[in-house]
Amino acid sequence: MEINRLAPEAAGALPALPGSYILVLHAAQHGEITVGRLGRVIVMPDWYLYTGSALGPGGLRGRVRHHVQPVTRPHWHIDYLRQVCTVTEIWYMVADQRWEHDWAAVLGQAATPIPGFGASDCHCAAHAFHQSHRPELSS
């Protein structure tokens with residue numbers, strides 16, 4: 001399993017193939033967002049990780065390009081977080097298999113889950129995580 005990394009400004013270079021991804025985000029200041037039915041979420045000036053999959057039309061390129069463009073009308077939970085955070089890096093893997101749930105389990109061991117965030121359609125505790133230090137992708 002090879003996980004690649006990419007700067008957000010290069011999202012258009014991602015393949016239009018199915019895969020899974022982790023967005024690395026940074027909040028420069030304290031904020032508060034209201035996320036649909038999830039409700040109020042306090043955002044600390046720290047680092048956030050969000051995991052998702054892109055198995056439909058457009059694949060990784062289509063989904064991740066959406067995630068790095070300015071939010072005009074929030075659709076997914078991550079769109080709300082992106083209103084107060086900046087995507088600093090994308091970690092991704094091309095695969096027909098959905099890896100977001102496995103990655104969420106691993107991230108939950110290393111960072112603090114934001115309960116229910118991004119996980120309204122599965123049994124994961126969360127798909128978004130908070131930590132005080134810059135995340136690193138280890139090989």
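**Exercise 1.** Determine which strands cover the buried residues of helix H3, and on which side of H3 these residues lie.

*Solution.* Step 1. The cover includes strands E2 (19-26), E5 (47-54), E6 (86-94) and E8 (128-131). Helices (H or I, at least four residues) and strands (E, at least two) are DSSP runs, numbered from the N terminus. The model is predicted: local features need pLDDT of at least 70, side-chain atom pairs count only at pLDDT 80 or more, and totals for chains, interfaces and linings use all residues. Residues are numbered from 1 along each chain as its sequence is written, and side-chain values use heavy atoms, with hydrogens and water left out.

Step 2. In H3 (residues 100-110), the buried residues are Glu100, Trp103, Ala104 and Leu107. They lie on the same side of H3 because they cover an arc of only 105° around the axis, taken from the directions from the helix axis to the C-beta atoms. Buried means under 20% relative accessible area, exposed over 50%, and partly exposed in between (1.4 Å probe, protein chains only).

Step 3. Val106 and Gln109 are exposed, on the face of H3 turned away from its buried side.

**Exercise 2.** Describe the surroundings of His67 in helix H1.

*Solution.* Step 1. His67 belongs to H1 (residues 59-68) and is buried, its relative accessible area being 1%.

Step 2. Its side chain forms a polar contact of 2.9 Å with that of Tyr21. Such a contact is a pair of N or O atoms within 3.5 Å; within protein, one must be able to donate a hydrogen and the other to accept it, and residues adjacent in sequence count only if both atoms are side-chain atoms.

Step 3. Leaving aside neighbours within four places in sequence, the contacts of His67 include Leu23, Trp76 and Asp79 (contact: heavy atoms within 4.5 Å).
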